[in-house]
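Please walk through this structure with the sequence and the model side by side, moving from its sheets to its spaces and then to its annotated spans.

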Amino acid sequence: MGETSGPTYLGLDLSTQQLKAVVVDDELKILYEANVEFDNDLPEFRTHGGVNQTKDAPGVASAPCLMWVKALDMLLDKLRVCGVDFSKVRAISGCAQQHGTVYWNKGSRNQLQNLRPDKFLHEQLCSSFALNNSPIWMDSSTTAECKIIEETVGGPRELAKITGSRAYERFSGAQIAKIWRTRPDVYANSERICLVSNFVATLLIGNYAPIDYADGSGMNLLDIHMKDWSNELLMTVAPDLRDRLGETVPSFTNLAPIATYYVERFGFSEQCRIIAFTGDNPASLIGMRLKKGDLACSLGTSDTLFLWLDVPKTLTDGHILCNPIDNDAFMGMLCFKNGSLTRTRIRNSAAGASWQLFDELLDSTPRGNFGNLALYFDAPEILPPLVGDHRYNKADEKISRYSSMEVEVRALIEGQFIAKRAYAEDTGFVIASNTRIIATGGASVNKGVLQVLSDVFNSPVYKSEITNSAVLGGAYLAKYALQYQKNTFEEITSSIAMPKLLCTPYSDAEFIYKPMVARYRKIVEQLLNQSPII
Ligand code: XUL
């Protein structure tokens, strides 16, 4: 925490449970951090984990948008108490949970343009929303709408070709379609529909801010190649939707100066610029400083891969999004549900609940595990849609258990990373001589696990110490947007320490794992033919 005499940048992240802020200096070093936790700091909205869910409405999940509005004033106050000098903030950007939608009442643009600094935002915007509770990404109540959206364009694969993803319940297109079908009054009263990300930018500029390409890719409405709304999909979802969504822009768009409200109330400079906001996942890609050819592997409760893609292939599971810092590139996002919980289960059964013993067992088996290959899914998996344990021996025969604990441990870790490589390749990711793998998340402290990751991908693995990559990505985006015409993203972020190189692959790694990836694909195909979970 500290002082600087130079310019600063503010990053915000409106996530499910909290609104976070980070202030960085011109070298992108963190000076201040603060957050407003919705449940604790705004108990009057009675959310649980920032969300409203009831038993009577299964699958429905929403959050009060006025709570988010109130959180912004509170957060800026907290930062002021921390000692932040807002007059030094040169630009603000940030991100938000993806997919959620905010419905602005008719006449709200006018209210936004005339915010009075002597009153709180929530007092002035209390009647600005056509829908008080915004559907958020945890909502899964739109299966019927998804089906219609996919059928309009000829099926899930066709939809994925256009928008980067097949239809997902949480994606904004299906959510808007549901509002139009079930609450036509709300839809008719909405003069603008925002994502959560451009909703925050809207509050900051005091006018409707555009949706950026990267977060727009989480709607099933944006043609990610043309970077414009698909008219066919707009028409399927609801009438006159283009006007309600507004235009789309690159994520690094310098939108407008900050609204007078913040200049007079908090002492921001009139020159402080608001940059487009984006989704939390694209912002994480920025915060982890992924560059051309890189792959980030987050090892948490679920495992997620973030991939930098130049030429994406069509996927029916997983997501392709526009890249937030390069308009010619894309990013892949692949989520594997069975991450740490499955690793912990096998650790408990094979290594007496000790990570140290787990590591020793992993180290005591050779790469390739004597030809044994297995898939373990405690919860129904997304990639591939299978459940249960599936163990194979060298002869590709299915067996019920392995004879030793070390074989079981290696089979788990190799199987998890072989799956990641297979699906990464399916997105169009090409493993090249300069591929870097950036590992993050809980299990990335485990060196033995990272060595297997390095061997399976035949690439060096680096460890990122960054834990709050989304909000930091927002701050980096603020600086990048002001300088991208003169400097590359790498140059702009060069003052930050590089992730540490932890493992390099053994020379025989490709010889061992390339055929295992092919074997894995065959096994999955067979299993899916037998018992898919759809
Ligand atoms: C991504 C998704 C979540 C939210 C969480 O598709 O639904 O990661 O963005 O904030």
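**Sheets, spaces and annotated spans**

In β24, lysine 463 is the bridge partner of alanine 439. The model in which this pairing appears is a predicted one, and the pairing belongs to a parallel match between strand β23, residues 437-440, and strand β24, residues 461-463, which runs over 3 bridges.

These two strands can now be placed in their wider setting. They belong to an open sheet of 7 strands with mixed pairing, whose order is β18-β19-β17-β16-β23-β24-β25. At its edges are β18 (319-322) and β25 (500-503), each of which pairs on one side only. When direction is ignored, neighbouring strands of this sheet are turned by 25° against each other on average. Helix α18, made of residues 447-457, packs on the sheet and touches β16 (295-299), β23, β24 and β25, while the direction of α18 makes about 85° with that of β25.

A second sheet can be followed in a similar way. It is an open sheet of 3 strands in the order β20-β21-β22, and its pairing is antiparallel. The edge strands here are β20 and β22 (398-399), each pairing on one side only. Between β20 and β21 the antiparallel pairing extends over 5 bridges, and within it leucine 373 has tyrosine 392 of β21 as its bridge partner. Helix α17 packs on this sheet, where it touches β20 and β21, and its direction makes about 80° with that of β20. Helix α21, residues 509-530, lies across β20, β21 and β22 and runs at about 50° to β20.

The loop between β20 and β21 (388-392) deserves a separate look, as proline 384 is found there. The peptide bond that leads from leucine 383 to proline 384 is cis, with omega near -5°. Another backbone detail concerns lysine 227, which lies in the loop between β10 (222-223) and β11 (228-229); the phi of lysine 227 is near 60°, a positive value in a residue other than glycine. As background to both details, most residues other than glycine have a negative phi, and most peptide bonds are trans.

Which elements give two or more residues to the lining of the largest cavity? The structure holds 2 cavities of 30 Å³ or more, and the elements that contribute in this way to the largest cavity are β20 (373-377) and α17 (405-426). Helix α17 supplies the largest share of that lining, with 5 residues. The volume of the largest cavity is about 110 Å³, and 14 residues line it, of which Tyr376, Phe377, Gly415, Gln416 and Ala419 lie nearest its centre. Sorted by class, this lining comprises 9 nonpolar, 3 polar and 2 charged residues.

The second largest pocket offers another lining to inspect. About 300 Å³ of space lies in this pocket, and its lining is formed by 17 residues, with Arg289, Leu290, Lys291, Phe489 and Glu490 nearest its centre. The classes represented in the lining of the second largest pocket are 8 nonpolar, 3 polar and 6 charged residues.

Turning to the helix that contains serine 340, one finds this residue in α15, which covers residues 340-350. Leaving aside residues up to four places away in sequence, serine 340 touches Leu299, Gly300, Thr301 and Asp303. The C-alpha atoms of serine 340 and glycine 371 are separated by 24 Å, and these two residues are 31 residues apart along the chain.

Finally, the record can be set beside the model. An unreviewed UniProt entry carries the annotation "domain: Carbohydrate kinase FGGY N-terminal" for residues 131-287. In the model, the end C-alpha atoms of residues 131-287 lie 32 Å apart, and the span is 49% helix and 17% strand. UniProt, again in an unreviewed entry, places the feature "domain: Carbohydrate kinase FGGY C-terminal" at residues 295-481. For residues 295-481, the end C-alpha atoms lie 23 Å apart, and the span is 35% helix and 22% strand.

Definitions and conventions. Residues numbered from 1 in each chain as written. Predicted model: local features only at pLDDT ≥ 70, side-chain atom pairs only at ≥ 80, totals over all residues. Heavy atoms only, no water. 1 Å grid on protein atoms, 1.4 Å probe; cavity = no way out; pocket = protein on both sides within 12 Å on 5 of 7 lines; lining within 4 Å. Points joined across faces, edges and corners; volume = space filled by probe spheres on them. Nonpolar A, V, L, I, M, F, W, Y, C, P; charged D, E, K, R; others polar. UniProt positions renumbered as here; feature names shortened; annotations may be inferred. Helix = DSSP H or I, 4+ residues; strand = E, 2+ residues; numbered from the N terminus. Pairing = 2+ DSSP bridges. Axes fitted to C-alpha atoms, helices over the stretch in contact; angles between N-to-C directions. Contact = heavy atoms within 4.5 Å.
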